[in-house]
Structure formats: C-alpha cells, structure tokens
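Here are a few exercises to work through with the model open beside you. Try each task before you read its solution.

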Amino acid sequence: MLLRGMVTMSFDPGSVGDVLYLSLTAGRCEAAVPSGNEDIVRVVGYCLNASNGQIWFNPDNTFVEITA
C-alpha cells in the first residue's frame, strides 16, 4: 500500500504539473474535476511525466461533495 510517493500508472493521467483528482472510474485518477451532482472531489496527487504515467501520489485529507 502506497501512502505517499512516486508511482507509475498504466494510463496517461494528464499533462505534466496537472493536479490529479479521484476519478469516477474505479482505480483511476485524472486531471478533470468531477462536476456531477453528489460527486466527490478529492486531490490525490500531481502528474510528473505524462508520457509514462508517472505521478506524485499524496492524497489530500479533505474532500468536497458537489451539490447542484
């Protein structure tokens, strides 16, 4: 289990420097902020290298629930 550190994902999470959010798809993170009603927004890390899927994984302890 990784609590914080560098990890290589099996997919391209975004561009270098992008803030990565927990995705609505299980097991994924992405640069797009979830925006649907009752979606949870949580920062999980930052993209380090887009071509090989390397990210800095450091989940924030806070989250926001979207209400529309």
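**Exercise 1. The cysteines**

Cys29 is buried, at a relative accessible area of 6%. This is a predicted model, so take the coordinates as such and work out whether Cys29 is in a disulfide or in none.

Solution. Start with the cut-off: a disulfide needs two cysteine sulfur atoms within 2.5 Å. Next, look for the nearest cysteine sulfur to Cys29, which belongs to Cys47 and sits 8.4 Å away. That fails the test, so Cys29 is in no disulfide. Now go at it from the other end: for Cys47, the nearest cysteine sulfur is that of Cys29, again at 8.4 Å, and Cys47 is in no disulfide either. The count by this rule is 0 disulfides. Cys47 is also buried, with a relative accessible area of 3%.

**Exercise 2. The sheet**

Put the strands of the open sheet in order, and say which ones stand at the edges.

Solution. Take the pairings step by step.

- S1 is joined to S6 by 4 bridges, and the two run antiparallel. One pair to check is Gly5 with Phe57 in S6.
- S6 (residues 54-57) is also antiparallel to S5 (residues 43-49), again through 4 bridges. Here Tyr46 has Trp56 of S6 as its bridge partner.
- S5 in turn has 3 bridges to S2, and that pair is antiparallel as well. Leu20 is matched with Gly45 in S5.

Put together, the sheet has 5 strands in the order S1-S6-S5-S2-S3, with antiparallel pairing. The edges go to S1 (5-8) and S3: each has a single partner strand, so one side of each has no neighbour in the sheet.

**Exercise 3. A hairpin turn**

Find the turn between S5 and S6, and say which residue there has a positive phi.

Solution. S5 and S6 make a hairpin with 4 residues between them. In that turn, Gly53 is the one to pick out, with a positive phi of about 75 degrees.

**Exercise 4. A buried acid**

Look at Asp39 and find out what surrounds this buried side chain.

Solution. First, place the residue: Asp39 is in the loop between strand S3 (29-30) and strand S4 (40-41). Second, check for a salt bridge. The cut-off is 4 Å, but the nearest side chain of opposite charge, Arg42, is 15 Å away. Asp39 therefore has no salt bridge, although it is buried. Third, look for polar atoms: the backbone nitrogen of Gly36 is 2.8 Å from a polar atom of the Asp39 side chain. Fourth, list the contacts beyond four places in sequence: Leu24, Pro34, Val64, Glu65 and Ile66.

**Exercise 5. Elsewhere in that loop**

Are Ser35 and Glu38 buried or exposed? And what stands out about the phi of Glu38?

Solution. Both residues belong to the loop between S3 and S4: Ser35 is found there, and so is Glu38. The cut-off for exposed is over 50%. Ser35 has a relative accessibility of 62%, so it counts as exposed. Glu38 is exposed too, with a relative accessible area of 56%. Now for phi: most residues other than glycine have a negative value. Glu38 has a positive one, near 70 degrees, and is not a glycine. For a sense of distance, take the C-alpha atoms of Ser35 and Thr8: they are 26 Å apart, with the two residues 27 positions apart along the chain.

**Exercise 6. A serine between strands**

Which side chain makes a polar contact with that of Ser23?

Solution. Begin with the location: Ser23 lies in the loop between strand S2 (19-22) and S3. The cut-off for buried is under 20%, so Ser23, at 13% relative accessibility, counts as buried. Its side chain has a polar contact of 3.5 Å with the side chain of Glu30. Setting aside neighbours within four places in sequence, Ser23 is in contact with Arg28, Cys29 and Glu30. That brings back the Cys29 of the opening exercise, which is itself buried.

Definitions and conventions:
Residues numbered from 1 in each chain as written. Predicted model: local features only at pLDDT ≥ 70, side-chain atom pairs only at ≥ 80, totals over all residues. Heavy atoms only, no water. Buried < 20%, exposed > 50% of the residue type's maximum accessible area, 1.4 Å probe, protein only. Lys, Arg positive; Asp, Glu negative; His and termini not counted. Polar contact = N/O pair within 3.5 Å; in protein donor to acceptor, adjacent residues only side chain to side chain. Contact = heavy atoms within 4.5 Å. Pairing = 2+ DSSP bridges.
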